[in-house]
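Good morning, colleagues. Please take a moment with the sequence and the structure on the screen before I turn to the sheets, the helices and the ligand surroundings.

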Amino acid sequence: MENVKHRKLVYTVKDLCRVCYTCVRECPVKAIRIVDGQAEVLGDRCIACGNCTIVCKQGAKVYERSIDLVSRLIDLGDHVFALVAPSFVADFEEAGEPEIFAGMLKKLGFKEVFEVGMGADLVAREYEKLINANPGRGYINSDCPAIVSFVEKYHPKLIGSLTPVVSPMVATARYIRKTRGEEPRLVFIGPCIAKKDESDEVDAVITFMELRQMLTAGRIRPSNVEPTQFSPPLAMQGAGFPVSRGMLQSMKLEGNQVDQRVMVAEGRVHFQEAIREFADGHLGSMQLELLCCEGCTMGPGTSPGGKKFVRRKRVLNHLHQRLESIPRGQEKEQAEVSATLDLTRTFKQDDQRIADPSEDDIGKVLQRMGKFSMQDHLDCGACGYDTCLNHAKAIAQGLAEVEMCLPYSIDQLHQTIHKLADSKHQLNSVEQALRQSEKLAHMGQLSAGIAHELNNPLGVVIMYSNLLLEDCKEDQQLREDLQLIVDQAARCKTIVGGLLNFARKNQVRYSRTDMVELMRISASSIIFPENIAFKLVNKLSNPAAEIDQEQMVQVITNLLKNGVEAMPNGGALIATLSDSHDWVIISICDEGTGIDAGDLEKVFEPFYTTKGIGKGTGLGLATTYGVVKMHRGQIDVKSSNKPENGPTGTEFIIKLPRIRKL
Ligand code: SF4
Ligand code: SF4
Ligand code: SF4
């Protein structure tokens, strides 16, 4: 049994990968894992079919290059022989004649150029012998290394059904060693990536693409080389080997067995189907000729953009030329050589199958993907898997991620957008509240300064005007003027008191208070017009709170008065008490005309009033604001004054800590 090496031939250039999952979709064995949003090739699982390198339009999937190694071998002056896969005629059309192509290789430094089609002829002889000797037995051909790897890794029980015959490349190498000894270094040139890991009987493997790079670097063109003959023996039927049924054409099965016993399948979908049906025993003793690519002329190491059937035509033209010009006696000579060559090989089981996850595990993954019923299974394939179920299995097996599901990711994205919009809205509100609060704080400082400066002289005015009033006789004309001074000075004192309240410079005298009772007392001081229906709603779980009763009565009374004034046409005025955690919440809501949005931002500013001149001091809501803040509470106002948008009215909401906050 040969040892199976795990050399990573294909890998991802992470910076180029755009995570489109095309490679995942096209990989026949799901050897590409997505980790943290990056596509990574799993060397153990990869069969080096090269599909991913073809389909990745970003050039993010690349294969190991061997140009340096081959250049080194040539530079060392060794006898380096080129072993050219028969599909070269399909890829290097510009050479025109095969001999020009051989001349280009010679100019590059290869001492001799051999056609691997010759090895295909040798291999075909072996297949003939094997199949004729085992008439009731079906085989899977073993000349495509990706197919061999697929069987070893994913159908290990079928390795006994692989033809135990080397590939044309190895057959050619063995022929050269037999006839030329061990000295020459052998370089295989072909369309295939998997060949790079097939055998150590050749020293290096390069693809046609790599050869093109070397020719370009050496400025070697068909126009500047001499035609050169390939080293004998030339390919015969083996020249048609790269196209499907090429191997069959090369075999001389007894009777008309080609059509009756041989099944051809090529490409990533069909070869797998054929192997599955073979494994299930449905194909009896059929011989399977399988190619991983759409024929070797379309392999991953060929030049991109080639036309499949034009390439096949070139191969067939070359085949006809070769068959017409086979030197006399070559076939006999080749048969003699083949009889002396050992062209057998063995295989090794390399089981890479991953056990199916349990239904329970798959169910959990599907739930994480937001798939709760069969209707959620879109099977759209955007994740790189045919069905949602297969994607879920791959996630459970550690090969994929939930985020690969496009509908899931779009849904997540929408949710994130909504959350961001909510956060932005909240941020705007907080920012506005902060600005308002800063503005009011500055005004508070200013108000405190003014009130402080006015307080002393005002005290003097009040005291002396009262003394003068006391001394003034009842009938003196001066008395009326003095009374006016006393009254206006008292009014000024109220204003200064309001400013001090707004500036939070007054003292708060906390006492345990029944909030329901406090509301009733406050309401009792108001005379409600007949067209206004006042209602007190109590939703408190506990009526007790620590507050300054006198100040808070002033606040409630003030808000109720405002509510009444806002409803000249009548309506409902509702005061609601509720609580939340450690807060007592007072809402006073009217059905009045509402406040304009421009005014709403300024309602708590001192001296701001929408009432006419002389009607009120403009300190009512400023005082209310100050008192609430002195209690370490919060006050908010909402209002609507556009009937076209629904009912109009204003609601003041006050939140007070139930227990005094130090
Ligand atoms: S095909 Fe694969 S490697 Fe290429 S960009 Fe898409 S996910 Fe990345
Ligand atoms: S080379 Fe083939 S098997 Fe390997 S990762 Fe690419 S598509 Fe899959
Ligand atoms: S719905 Fe999601 S999991 Fe299902 S196939 Fe589409 S992308 Fe994959």
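Let me begin with a definition: two elements are in contact when heavy atoms lie within 4.5 Å. Axes are lines fitted to C-alpha atoms, for helices over the stretch in contact, and an angle is taken between N-to-C directions, from 0 to 180 degrees. With that in hand, helix α22, residues 620-630, lies across β16 and β17 and runs at about 140 degrees to β16. I should say at once that this is a predicted model.

The two strands just named belong to an open sheet of five strands, ordered β12-β14-β15-β17-β16, in which the pairing is mixed. Which strands stand at its edges? They are β12 (532-538) and β16 (634-640); each has a single partner strand, so one side of each is left without a neighbour in the sheet. Averaged over the sheet, and with direction ignored, neighbouring strands are turned by 10 degrees against each other.

Within this sheet, seven bridges pair β15 (residues 583-590) with β17 (residues 649-657) in the antiparallel sense. One residue to pick out is S587, whose bridge partner in β17 is I653. A further helix, α20 (residues 549-565), lies across β12, β14 (571-580), β15 and β17, and its direction is at about 25 degrees to β15.

I turn now to another open sheet. Here four strands follow the order β6-β5-β7-β8, with parallel pairing. Its edge strands, β6 (112-115) and β8 (204-207), each pair on one side only. From one strand to the next, the twist averages 25 degrees.

Strand β7, residues 185-190, is joined to β8 by four bridges, and the two run parallel. I189 has I206 in β8 as its bridge partner. Helix α8 (residues 168-180) packs on the sheet and touches β5, β6, β7 and β8, with its direction at about 145 degrees to that of β5. Helix α5, residues 98-108, lies across β5 (80-84), β6 and β7, running at about 140 degrees to β6.

Finally, the ligands. What surrounds ligand 1? The residues are C17, R18, V19, C20, Y21, T22, C23, C56, Q58, A60 and K61. By class, that shell holds seven nonpolar, two polar and two charged residues.

Ligand 2 is surrounded by 13 residues, of which C27, C46, C49, G50 and C52 are the closest. Its shell comprises 11 nonpolar and two polar residues, and no charged ones. Thank you for your attention.

Notes: Residues numbered from 1 in each chain as written. Chains lettered and ligands numbered in written order. Predicted model: local features only at pLDDT ≥ 70, side-chain atom pairs only at ≥ 80, totals over all residues. Heavy atoms only, no water. Near = heavy atom within 4 Å. Nonpolar A, V, L, I, M, F, W, Y, C, P; charged D, E, K, R; others polar. Pairing = 2+ DSSP bridges.
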